[in-house]
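Visitor: I'd like a close look at one part of this protein, the spots where the backbone does something out of the ordinary. Could you walk me through them?

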Amino acid sequence: MNRISITRRANAPTINRNIYGHFSEHLGHCIYEGIFVGKDSPIPNIDGIRTDVVEALRRLEIPVLRWPGGCFADEYHWRDGVGEKRRRMVNTNWGGVVEDNSFGTHEFMQLCRLVGCQPYVNANVGSGTVREMAEWVEYLNSDGDSDTVKERWANGSREPFNVKFWGIGNENWGGGGNMRPEYYADVYRQFQTFCRTYGENRLHRIACGPNGDDYNWTEVMMQRAAPFMDALTLHYYTVPKTWEEKGSATEFDYDLYLETLRKASYMDKLIAGHTAIMDRYDPEGRIDLFVDEWGCWFDVEEGTNPGFLYQQNTIRDAMVAAITFNIFNRHCQRVRMANIAQTVNVLQAIILTEGERMLLTPTYHVFDMYRPHMDAKLLDCAVECAELEGGLAAVSASASEKDGVVTVTIANVDEACKLTIGGITAKEFTGRVLSGEPQAHNTFDKPDAVIPCELTSVKLTAEGAEIELPAHSVAVISFK
Ligand code: AHR
């Protein structure tokens with residue numbers, strides 16, 4: 001029998017809502033077609049931004065959106081994307097296509113306004129200058145009447161945008177300049193010096209962190225630049241096989257399904273490892289760990305541009321998302337933002353589009369089901385369950401409490417199972433469950449093949465509840 005034991009902790013940390021954040025890069029059809037279709041498009045839009053996508057993102061209450069990259073950030077020159085005349089450039093990272101810069105700073109700010117989320121702007125360090133970045137901060141945040149601010153007025157925005165989150169470079173250990181941590185630490189210190197605060201808006205300066213298990217990067221950054229940063233990032237992708245042959249998004253056997261989930265669960269060790277280093281240099285926990293790129297990375301769908309990273313999304317992706325969120329929740333003391341890669345049409349997307357059609361992926365539904373955790377107090381949640389091959393836990397869970405409601409989210413990896421939840425007393429519950437064969441997914445012809453339904457197999461008991469879960473399922477239960 002599986003068992004989840006819940007206990008309240010004194011001074012329990014809050015699950016930062018930004019853990020449920022997003023990332024959209026100028027890559028493939030994420031921005032263009034997926035989000036931005038232009039004012040003249042027959043697809044319903046506001047200022048060129050798709051209305052259907054905005055509505056779907058609003059429903060999720062997405063808290064924060066990172067832009068313009070990714071790798072693209074380190075070759076993006078923001079002035080190319082403001083004003084009447086936009087500069088055309090080659091997107092060398094992603095498919096070598098021409099980027100016409102019709103989606104730029106003002107369009108991004110309008111997107112965030114429509115969706116109701118905070119912008120997270122990632123500045124160019126790899127091929128940009130300190131002055132360029134400093135002027136971008138001034139352009140977006142200053143209320144003075146400098147020439148840079150007058151440029152913003154001329155481009156239609158009288159009020160400053162007060163952008164708080166500033167990423168200073170992206171993957172500078174790789175595509176962002178192939179730097180050594182010692183070198184980047186100095187470059188970071190220099191760049192962040194000129195990220196000025198305007199008015200009351202204290203900036204959150206975000207340093208590029210490690211790639212997966214590069215603990216040395218974290219060590220060096222913390223040793224040399226900790227006082228100058230508010231957050232350090234971590235990037236980790238779940239690749240079922242190898243980087244050369246990643247595996248199909250929809251065609252895989254049960255062993256590879258489990259292997260994918262094992263790899264996703266590795267996030268727990270990674271966060272624990274990087275947190276332990278951060279704790280040594282920053283015992284008060286002032287500096288956040290932002291996992292600002294995570295998700296599944298498969299081979300692209302047949303017939304699509306290999307540089308566009310377009311992939312389908314199945315119940316397996318939903319399990320990866322659920323397991324990952326349970327990990328983030330449990331580490332919320334240090335992990336205070338995460339951004340799935342990427343919002344629309346790229347990698348583990350929550351939305352796919354085809355012309356005017358749009359579908360919500362299983363991953364979208366997991367975001368929706370996990371919403372009650374946003375800004376809730378973490379509850380301790382011990383799971384006793386079977387261990388599958390390679391140490392993969394058959395059940396993963398996390399729990400939180402907000403406004404007198406206890407929410408438990410569960411990923412049941414394998415067969416249908418029974419479990420008990422102990423440590424709560426409740427008079428009523430609501431529950432939802434998402435399940436199916438690991439390969440099950442939504443298509444434009446059957447967009448509702450995989451959607452959550454009501455979970456009724458819950459029996460309240462004196463110490464909590466007894467639950468029956470279908471195979472390969474993600475569940476959320478709220479107790480009152
Ligand atoms: O998300 C796709 C790419 O993955 C990003 O551009 C880069 O930061 C990472 O390597």
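Guide: Here is a tour of the unusual backbone spots, with a little about the whole chain around them. Keep in mind that this is a predicted model, and every value below is computed from it.

Start with the loop between β5 (64–67) and β6 (89–90), where proline 68 sits. Tryptophan 67 and proline 68 are joined by a cis peptide bond, with omega at about 5 degrees. Move along to glycine 69 and glycine 70, and there is a cis peptide bond between those two as well; here omega is about 15 degrees. Glycine 70 also belongs to the loop between β5 and β6. Why stop at these? Most peptide bonds are trans, and most residues other than glycine have a negative phi.

That second habit of backbones brings us to asparagine 11. Its phi is near 50 degrees, a positive value in a residue other than glycine. You'll find asparagine 11 in the loop between β1 (2–7) and β2 (21–23). Is the residue buried or exposed? Asparagine 11 has a relative accessible area of 76%, and exposed means over 50%, so it counts as exposed.

Glutamate 33 is another case, with a positive phi near 80 degrees in a residue that isn't glycine. Look for glutamate 33 in the loop between β2 and β3 (45–46). With a relative accessible area of 42%, glutamate 33 comes out as partly exposed, because that label covers the range between the 20% limit for buried and the 50% limit for exposed.

Now step back to see what these loops are part of. The protein chain has 9 helices and 24 strands. Its radius of gyration is 22 Å, close to the 23 Å the globule rule gives for 480 residues, so the chain is as compact as a globular protein of that length. Along the principal axes, the C-alpha trace spans about 70 × 50 × 45 Å.

As for the inside, 60% of the 480 residues count as buried. Take the contacts with a separation of 6 or more: 74% of them are between residues 24 or more positions apart.

On the outside, the chain exposes about 18,700 Å², with carbon and sulfur atoms supplying 48% of that area. Finally, the charges: there are 47 positive and 67 negative side chains, and the centres of the two sets lie 5 Å apart.

Terms used:
Residues numbered from 1 in each chain as written. Heavy atoms only, no water. Helix = DSSP H or I, 4+ residues; strand = E, 2+ residues; numbered from the N terminus. Rg over C-alpha atoms; globule rule 2.2 N^0.38 Å. Buried < 20%, exposed > 50% of the residue type's maximum accessible area, 1.4 Å probe, protein only. Contact = heavy atoms within 4.5 Å. Areas by Shrake-Rupley, 256 points an atom, 1.4 Å probe, with all protein chains shown as cover. Lys, Arg positive; Asp, Glu negative; His and termini not counted. Charge placed at Lys NZ, Arg CZ, Asp CG, Glu CD.
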